[in-house]
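Me: I am new to this structure and would like to learn how to read some of its features. Could we begin with the contacts between side chains and then turn to a helix?

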Amino acid sequence: MLGVLIGSEPPPGGLRHLTEESEALGVNVELPHFYRELVDRAIAAGHAGSGYAALIEQFRRPAA
């Protein structure tokens with residue numbers, strides 16, 4: 001599920017699309033980038049098939 005969200009699995013993820021379109025329009029993308037980092041960390045921890053609840057664990061871990 002998280003893999004689909006960011007676009008590492010088909011279909012292209014909404015978060016990736018949001019970031020690309022925002023950058024193209026000159027919109028600030030700090031928040032989408034931060035969220036993308038959380039999702040990437042959750043996927044790296046083995047939660048690619050998990051839902052949004054897997055992100056809670058990322059708030060409990062110190063930043064790398």
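Me: Which side chains meet in a salt bridge?

Reply: Keep in mind that this is a predicted model. In general, one looks for a side-chain nitrogen of Lys or Arg within 4 Å of a carboxyl oxygen of Asp or Glu. Here the side chains of Arg36 and Asp40 form such a pair, with 3.3 Å from N to O, and a search of the whole structure finds one salt bridge.

Me: Where do Asp40 and Arg36 lie, and are they buried or exposed?

Reply: Both belong to helix 3, which covers residues 30-44, and they are four residues apart, about one turn of the helix. Asp40 is partly exposed, having a relative accessible area of 34%, and Arg36 is likewise partly exposed, at 22%.

Me: How many Å should helix 2 span?

Reply: The idea is to count 1.5 Å for each residue after the opening one. For the twelve residues of helix 2, residues 14-25, this gives an expected 16 Å, and the end C-alpha atoms are indeed 16 Å apart, which agrees.

Me: Which residues of helix 2 are buried, and which exposed residues does the face turned away from them carry?

Reply: Leu15, Thr19 and Ser22 are buried. Seen down the axis of helix 2, the buried residues fall within an arc of 70°, so they line one face of the helix. The face turned away from that buried side carries Ala24 and Leu25, which are exposed.

Me: What follows helix 2?

Reply: Helix 2 is followed by Gly26, a residue whose phi is positive, near 80°.

Definitions and conventions
Residues numbered from 1 in each chain as written. Heavy atoms only, no water. Helix = DSSP H or I, 4+ residues; strand = E, 2+ residues; numbered from the N terminus. Buried < 20%, exposed > 50% of the residue type's maximum accessible area, 1.4 Å probe, protein only. Arc of directions from axis to C-beta.
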